[in-house]
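Student: I'd like to go through the reasoning behind the labels on this fold. Can we take them one at a time?

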Amino acid sequence: MAEQRNNTVYCRNLEESVKIPVLTATLETLFSQYGNILEIVAKKNLRARGQAFVVFDSVDAAERAIKEVQGFNLFEKPMVLQYAKTKSDATVEVESNEAEFEAHKRRRLAEKERKQAIRAAEAQKHLKRPAQSGPSHGLAADSSRPTKKAATAAPSAPGGLKSTAAPAAPQIPDEYLPPNKILFLQNLPDNATSDILNGIFGSFEGFKEVRLVPGRKGIAFVEYENEAGAISAKENTQGMSLGPDGSGVVKVTYQRQ
DNA sequence: AGCACA
């Protein structure tokens, strides 16, 4: 798939030892020849070092910059330039209204949390000794927090026994499943009848249906025509209490696919 | 290698 054009140039293979203010200042002088720069973002943490985002006020400027500066030796290292894969906040801020800007940031933060959850699940997978038995049921108690637990990694089995189990796919906690058009409701109180649920979830854009699960108390699925409907329904019903006294706080997540 | 914006 061809790379998506973007106002922002993603720079990598930058010399990691140069201080951030020096780096951004240098990038600024270098790139300002190709257009107006709204912002340059560079950080020094482990995951982000050696990279920078140069936000131009137009995609044409970004394109020129990529063409011209590609491979340029900066601090003895050839820069590698691409379009950034998502829009910068600064771009959305100037190109949209306040509401869209806020929505953009909310989506971005949600996506960021989601990625962190995936990384956490990924890290678990690598630390985890083969589980004693049975498939994981995905009840990660608190995987949002870095685990401080001392690694009590059992030494590998002395008999040279190898686990034949295929490594389980990393289980992302419910909360961080990617958006899709079907919501998964949990912890529904007994009084949450199909009528009640239809009443609540039916008021959102693109509502299709509520599906209770025969023989399973407390859960249901709600389907929408499209993702946007499901997203707004989720955002507006999250943590809603359906019980009498403010009990029965419903958990609303996207369906695991 | 690594795609951020408290």
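Student: What makes us say that helix α2 lies across β1, β3 and β6?

Tutor: Contact here means heavy atoms within 4.5 Å, and α2 (residues 59–69) lies across those three strands, running at about 155° to β6. Keep in mind that this is a predicted model.

Student: And which strands does α1 lie across?

Tutor: Helix α1 (residues 20–31) lies across β1, β2, β3 (52–56) and β6, at about 145° to β2.

Student: Why are β2 and β6 called edge strands?

Tutor: The sheet is open, with the antiparallel order β2-β3-β1-β6. β2 (37–41) and β6 (80–83) each pair on one side only, so they are the edges.

Student: How do you know that β1 and β6 pair?

Tutor: Pairing needs at least two bridges; β1 (residues 8–12) and β6 have four, in the antiparallel sense, so they count as paired. Within that pairing, Tyr10 stands opposite Gln82 in β6.

Student: What makes the 23 residues a nonpolar core?

Tutor: To belong, a residue must be buried, of a listed type such as Val, Leu or Phe, and joined through side-chain atoms within 4.5 Å. Buried means under 20% relative accessible area. The largest such set has 23 residues, and Val9, Leu27, Phe31 and Phe56 have the most contacts inside it. Helix α2 gives the most to this core, with five residues.

Student: What does Phe31 touch, leaving out residues up to four places away in sequence?

Tutor: Its partners include Cys11, Ile37, Val54, Phe56 and Leu81, as well as Ala65 and Val69.

Definitions and conventions: Residues numbered from 1 in each chain as written. Chains lettered and ligands numbered in written order. Predicted model: local features only at pLDDT ≥ 70, side-chain atom pairs only at ≥ 80, totals over all residues. Heavy atoms only, no water. Helix = DSSP H or I, 4+ residues; strand = E, 2+ residues; numbered from the N terminus. Axes fitted to C-alpha atoms, helices over the stretch in contact; angles between N-to-C directions. Buried < 20%, exposed > 50% of the residue type's maximum accessible area, 1.4 Å probe, protein only.
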